[in-house]
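Work through the exercises below with the sequence and the structure open. Each task is followed by a solution in steps.

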Amino acid sequence: MRILDTMSQSTTIAPPELDELCVNTLRFLAVDAVQKAKSGHPGLPLGSASMAYALWDRSLKFNPRDPLWADRDRFVLSAGHGCALLYALLHVTGFDLPLEELERFRQWGSKTPGHPEYGKTPGVEATTGPLGQGLANAVGMAIAEVALAARFNRPGHSIVDHYTYVLASDGDLEEGISSEAGSEAGHLRLGKLIVLYADNHITIEGSTELAFTEDRMARFAAFGWHVQRVEQSNDVDVIADALEAAREERDRPSLIQVRTHIGFGSPHKQDTAAAHGEPLGVEEVRLTKEGLGWPVEPPFFIPEEALEHFREAVARGSIAQADWESRFEAYAGEHPDLAANFRRVMNRELPRDWDANLPTFTTSDGPMATRIASGKTIAVLGPRLPELMGGAADLAPSTHTNMDGLGNFEPENRAGRNMHFGIREHAMGAILNGMALHRGLIPYGATFLIFSDYMRPPMRLAAMNGLPVIYVFTHDSIAMGEDGPTHQPVEQLVGLRSIPGMVVIRPADANETVAAWRIAIDRRDGPVTLVLTRQGLPVLDLARYPGLPAGVPLGGYVLAESPTGVRPDVILIATGSEVHLAIEARDRLATEGVQARVVSLPSTEVFSMQSDAYRDEVLPPGVPLLAIEAGASLGWRSYVGPQMAVIGVDRFGASAPGPVVMEHYGFTVENVCKRTHDLLGQTKEKS
Ligand SMILES: Cc1ncc(C[n+]2csc(CCOP(=O)(O)OP(=O)(O)O)c2C)c(N)n1
């Protein structure tokens with residue numbers, strides 16, 4: 001009998017027969033769920049049930065009755081396709097996931113979707129399925145843990161002290177993001193990150209010999225990880241020992257490579273790709289159950305002794321949480337401000353007056369690039385919002401995202417606020433998600449807009465999961481100039497806008513930039529992308545343009561009314577740097593007898609959320625529209641209707657100074673006026 005000291009309550013270890021009963025319970029709950037759904041992945045659950053059980057039974061700190069308890073260990077099933085195993089674990093340990101939900105695996109409206117979805121199932125810590133993401137999310141969670149521990153723990157008070165565990169598969173390790181994230185985690189010495197790797201030698205197309213032959217342990221060792229190998233994948237004690245060794249290693253993240261067998265126990269499918277992505281089949285389920293000494297009927301069978309043992313997690317969890325809560329109370333007694341702040345950040349609440357003293361810029365501050373205005377805003381926000389933490393993928397000097405004086409987050413300074421993601425955009429995106437999933441921080445990440453392409457998968461997941469992550473993307477158009485078409489974004493704006501739930505803001509000047517940051521910080525339930533210029537822009541005169549900055553949170557507003565104030569002949573809609581071109585064109589058009597209104601539209605998403613009445617006020621129906629934006633025209637056409645024209649960029653850029661490129665691509669006052677006359681001519685012809 002062994003006593004664990006990682007839980008506040010001592011736990012007696014189940015005898016081997018009970019362990020086996022519990023492991024088989026997990027295996028066959030998963031197998032039956034997949035079989036009933038006629039869809040899913042039985043192979044990973046069969047092969048990895050023992051190691052998942054070893055973790056959940058022997059060491060994972062969690063409370064099924066309060067899945068969001070702040071100091072729980074985090075567990076991420078990076079191999080999301082094996083989620084039937086996770087649902088089985090959640091059910092048997094007493095989370096609010098009734099057995100009927102397992103019986104409704106992958107069905108409409110169930111809490112057991114085809115891949116784990118954060119927010120849908122209690123106890124699911126991250127949406128996984130796109131391989132590699134979960135592993136990198138976990139790196140973000142482990143970063144959040146040490147960062148918060150440094151901020152909040154005090155001598156004698158460890159209120160942030162938990163591990164982050166991952167169950168990963170070959171696919172997770174094959175994806176490049178695992179190298180980016182693994183390298184970063186090793187560099188940062190994230191000693192409380194532990195990855196169980198199901199090394200089952202099988203992926204969809206067959207043996208890993210087809211495409212994945214490097215020495216994974218050597219690779220992770222080279223990243224600075226502590227690595228162990230376990231051959232006996234069904235020996236719970238051996239796995240538990242490896243986990244114990246991993247926990248004791250506090251200076252390096254741990255990889256435990258476990259030689260599992262996909263489809264374990266299935267007489268015809270074990271160790272073959274056939275066990276991977278389809279139900280075993282009725283007959284094979286029967287043979288597998290018989291082979292492992294399991295009753296063929298009824299399906300979804302849970303032996304009483306197994307359930308009783310699993311459900312000890314409820315008492316164990318509530319004792320562990322109660323112990324933490326009493327420790328937290330003692331902490332709050334000694335450090336009331338810190339305790340109040342801890343509660344605040346974990347609840348994603350903002351401090352009072354967080355946005356007082358944000359800068360206001362005047363015309364004499366210009367010309368100023370919006371990336372510079374953003375940097376000046378961050379400089380004020382940094383000290384105000386201790387939870388703001390972020391950095392760039394090696395482009396901080398260009399994106400102006402460093403919080404000067406607030407230190408680097410590094411092994412020697414866990415309280416540092418500036419992160420150095422290295423040139424690893426993909427991992428940066430997923431790490432930001434992990435930090436947001438953990439809670440307690442407002443994470444941001446920066447790079448050039450063009451390289452947002454390298455981080456779209458995690459951005460999509462941030463939007464899907466409603467995560468408050470902020471992206472700062474600069475060098476936002478062909479106007480960035482000499483670096484040429486490889487660095488000049490074209491289709492990125494429309495691409496990002498097309499992600500459901502993503503708010504993209506492209507401010508027109510310094511004050512719109514400040515307003516954009518206000519929106520970004522304020523949005524606690526979804527990501528915000530800030531799209532900023534490299535080149536200097538005039539600062540719009542607040543006296544002359546009274547709609548600014550109050551119009552920014554509406555997504556779009558009338559910046560400049562038509563000169564005579566009567567119903568305009570045309571509306572020029574623009575975003576970002578092109579707003580200034582629209583204003584110049586409006587003045588020129590007035591001399592040519594055309595009354596133009598200028599609408600600044602920093603965020604199409606936010607504008608589309610406004611009432612019909614407001615949108616009709618800004619864009620009165622029937623008035624022809626000319627949209628001007630140095631990006632792909634695609635979104636604009638569907639956005640504003642038939643009576644319109646677009647000056648956009650529908651081919652790749654060119655290497656030359658920015659103003660020259662802009663001129664060649666038609667971003668000139670002359671061209672805007674010409675296109676306006678053309679549009680009005682066409683409109684007249686039609687009427
Ligand atoms: C990024 C990404 N690409 C492709 C897939 C499709 N896919 C699902 S599982 C899998 C590979 C399965 O192999 P492995 O990771 O070893 O899992 P196991 O076979 O052990 O279940 C693939 C390619 C995916 N989920 N994510």
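Buried means under 20% relative accessible area, exposed means over 50%, and partly exposed is the range in between, with a 1.4 Å probe and protein chains only. The model is predicted: local features need pLDDT of at least 70, side-chain atom pairs count only at pLDDT 80 or more, and totals for chains, interfaces and linings use all residues. Residues are numbered from 1 along each chain as its sequence is written, and side-chain values use heavy atoms, with hydrogens and water left out.

**Exercise 1. Helix α16**

Task: State which residues of helix α16 are buried, and which elements they pack against.

Solution.
Step 1. Locate the helix. Helices (H or I, at least four residues) and strands (E, at least two) are DSSP runs numbered from the N terminus; α16 covers residues 456-464.
Step 2. Apply the burial cut-off. Pro458, Met459, Leu461, Ala462 and Ala463 are the buried residues of α16.
Step 3. List the contacts, meaning heavy atoms within 4.5 Å. The partners of these buried residues are the helices α5 (133-152), α15 (425-438) and α17 (492-497), together with the strands β11 (470-474) and β13 (528-531).
Step 4. Look past the end of the helix. Glycine 466 follows α16 and has a positive phi, near 60°.

**Exercise 2. Aromatic pairs**

Task: Find how many aromatic pairs the whole structure holds, and describe the geometry of the pair formed by tyrosine 87 and phenylalanine 105.

Solution.
Step 1. Set the criterion. Rings of Phe, Tyr and Trp (its six-membered ring) pair if their centres lie within 6.5 Å; planes under 30 degrees apart are stacked, over 60 edge-to-face, and the rest tilted.
Step 2. Search the whole structure. The search returns 22 aromatic pairs.
Step 3. Classify the pair. Tyrosine 87 and phenylalanine 105 are 6.0 Å apart, centre to centre, with 70° between the planes, and the pair is edge-to-face.
Step 4. Place both rings. Tyrosine 87 belongs to helix α3 (residues 83-93) and phenylalanine 105 to the loop between α4 (99-103) and α5, so the pair links parts of the chain 18 residues apart.
Step 5. Check burial. Tyrosine 87 has a relative accessible area of 1% and is therefore buried; phenylalanine 105, also at 1%, counts as buried.
Step 6. Repeat for another pair. Phenylalanine 220 and phenylalanine 223 are edge-to-face, with 5.2 Å between centres and 80° between planes, and both are buried.
Step 7. Join pairs into a cluster. Trp69, Phe152, Trp324, Phe328, Tyr331 and Phe342 are linked by ring pairs.

**Exercise 3. Unusual backbone**

Task: Which peptide bonds to proline 367 and proline 549 are cis, and where does aspartate 394 lie?

Solution.
Step 1. Read omega. The bond joining glycine 366 and proline 367 is cis, with omega about -5°; the bond from leucine 548 to proline 549 is cis as well, with omega near 5°.
Step 2. Place the prolines. Proline 367 is in the loop between α12 (336-346) and α13 (370-384), and proline 549 in the loop between β13 and β14 (557-560).
Step 3. Read phi. Aspartate 394 is not a glycine, yet its phi is positive, about 65°.
Step 4. Place aspartate 394 in the loop between β8 (388-392) and α14 (396-399). Its relative accessible area is 52%, so aspartate 394 is exposed.
Step 5. Treat histidine 400 likewise. Histidine 400 has a positive phi of about 55° and lies in the loop between α14 and β9 (418-420); at 28% relative accessible area histidine 400 is partly exposed.

**Exercise 4. Empty space**

Task: Give the volume and the lining of the largest pocket, then the volume of the largest cavity.

Solution.
Step 1. Set the terms. On a 1 Å grid over the protein atoms alone, a cavity is a set of points where a 1.4 Å probe fits but cannot get out; a pocket is an open set with protein on both sides within 12 Å along at least five of seven lines; lining residues have an atom within 4 Å of a point. Grid points are joined across faces, edges and corners, and a volume is the space filled by probe spheres set on the points.
Step 2. The largest pocket has a volume of about 520 Å³. Its lining has 27 residues, of which Leu537, Ser577, His580, Leu581 and Glu584 are closest to the centre.
Step 3. α19 (578-591) and α23 (658-664) each supply at least two lining residues; α19 gives the most, with five.
Step 4. The largest cavity has a volume of about 110 Å³.
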